[in-house]
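Here are my notes for you to read with the structure open beside them. Take the points one at a time and look for each residue as you go.

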Amino acid sequence: MKQLNQLTIVGIDQGYGNMKTANTLFPTAITAFDTAPVFQGDVLEYDGRFYRVGEGHKGFVADKSSDEDFYLLTLAAVAKELELYRLFTANLCLAVGLPLSWVGSQRESFRQYLLQKQAVTFRFNGHLFQLRITGCKVYPQGYAAVVQQLGAFEGEHLLADIGNGTMNLLYLQDSQPQESRCWTEKIGVNQCMIRAKETVLRKFGTKISDHTVEQILRTGTAKIDAAYLSCIRDVASAYVEELFAVLRSYEYDPATVQLIVAGGGGQLIKHFYSYDPAQITILDDLCAAAKGYEYLAYRQLMREA
């Protein structure tokens with residue numbers, strides 16, 4: 001969260017796997033209820049309905065503005081960030097992102113989607129929020145995660161932002177983004193998780209939970225039977241090899257190009273690939289993009305003032 005005069009800027013990385021703000025992270029999942037949920041947890045109360053936030057998994061949606069869930073998840077993300085500052089009334093500017101190849105075609109529709117109501121009142125975890133959403137800035141995903149470090153990128157770099165649903169690629173030449181060399185591929189961590197679950201079911205005749213597979217992909221291990229763990233690790237290793245095959249198809253050559261990996265896919269490479277840290281940099285801060293959106297919005301609003 002950043003503040004400029006009477007305006008509060010909240011950066012939100014609306015991923016297919018997790019929603020992130022500068023200081024919070026929760027799964028991109030939401031379930032509606034007509035009455036208040038029985039168990040405690042993150043609960044959004046909006047427009048007469050209750051929503052359990054952060055449980056389960058939401059499927060891939062190519063155009064987020066066509067899905068009401070992302071609006072509700074955005075309200076929840078704003079609330080979680082503002083809660084940290086005990087701020088329940090504010091004039092907001094949202095700072096968000098879209099995949100590199102989709103920014104041009106979807107930016108305005110996504111802005112209007114998030115600005116659908118200027119005055120918004122809702123409850124989150126019992127707290128009443130009364131907000132005015134007066135602005136929304138939309139930036140390219142991936143780039144935002146490294147924008148505050150660009151000065152250190154001499155020579156040619158390939159930025160790979162590997163999220164749950166997509167991988168965004170962008171070449172940087174002496175810290176300058178090359179707009180003609182950016183692509184979005186529908187290949188991400190969720191595809192690896194689906195493959196791991198299918199392989200376990202086929203090999204052992206057992207269903208394994210999303211939570212367990214996610215833990216292994218995130219940390220490299222879990223307290224499960226060694227044969228199951230080995231099976232999932234083999235799937236993850238093979239999947240990372242496929243990721244690098246895609247990178248090579250976009251002219252990635254470790255001998256001449258430095259690779260920067262942002263997003264949750266960085267953990268796959270860290271745990272399931274043998275790499276040279278001098279050639280590949282993995283950004284561990286999963287909130288880096290949200291922080292970058294705030295930084296970009298703050299600078300833009302300063303220039304516009």
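Which residues line the second largest pocket? Keep in mind that you are looking at a predicted model.

1. Let's answer that straight away. The second largest pocket is lined by Leu100, Val103, Gly104, Arg107, Pro140, Tyr143, Leu170, Pro177, Glu179 and Cys182. The space in this pocket comes to about 200 Å³.

2. Now for what that lining is made of. By class, 7 of its residues are nonpolar, 1 is polar and 2 are charged. Two elements, helix 2 (103-114) and strand 14 (176-185), each give at least two residues to the lining of the second largest pocket.

3. On to the largest pocket, which has a volume of about 840 Å³. It is lined by 40 residues, and the closest to its centre are Gly17, Asn18, Asn164, Gly264 and Leu286. Try finding those five on screen before you go on.

4. The class mix in the largest pocket is worth a look too: the lining has 19 polar, 13 nonpolar and 8 charged residues.

5. Which elements supply at least two residues each to the lining of the largest pocket? They are strand 4 (18-20), strand 5 (25-27), helix 4 (189-204), helix 5 and helix 8 (288-304). The largest share, 5 residues, comes from helix 5.

6. While you have helix 5 in view, find Thr212, since this helix covers residues 210-219 and Thr212 is one of them. Is Thr212 buried or exposed? Its relative accessibility is 15%, and buried means under 20%, so Thr212 counts as buried. Setting aside residues up to four places away in sequence, Thr212 touches Ala222 and Ile224.

7. Last stop: Met167, which sits in strand 13 (residues 167-173). Met167 has a relative accessibility of 0%, so this residue counts as buried as well.

8. What does Met167 touch, leaving aside its neighbours within four places in sequence? The contacts are Asp161, Ile162, Trp183, Thr184, Glu185, Ile187, Leu243, Val246 and Leu247. Pick out Leu247 from that list: Met167 and Leu247 are 80 residues apart in sequence, while their C-alpha atoms are 10.0 Å apart in space.

Definitions and conventions:
Residues are numbered from 1 along each chain as its sequence is written. This is a predicted model: local features need pLDDT of at least 70, side-chain atom pairs count only at pLDDT 80 or more; totals for chains, interfaces and linings use all residues. Side-chain values use heavy atoms; hydrogens and water are left out. Helices (H or I, at least four residues) and strands (E, at least two) are DSSP runs, numbered from the N terminus. Buried means under 20% relative accessible area, exposed over 50%, partly exposed in between (1.4 Å probe, protein chains only). Contact means heavy atoms within 4.5 Å. On a 1 Å grid over the protein atoms alone, a cavity is a set of points where a 1.4 Å probe fits but cannot get out, and a pocket is an open set with protein on both sides within 12 Å along at least five of seven lines; lining residues have an atom within 4 Å of a point. Grid points are joined across faces, edges and corners, and a volume is the space filled by probe spheres set on the points. Ala, Val, Leu, Ile, Met, Phe, Trp, Tyr, Cys and Pro count as nonpolar, Asp, Glu, Lys and Arg as charged, and the others, Gly among them, as polar.
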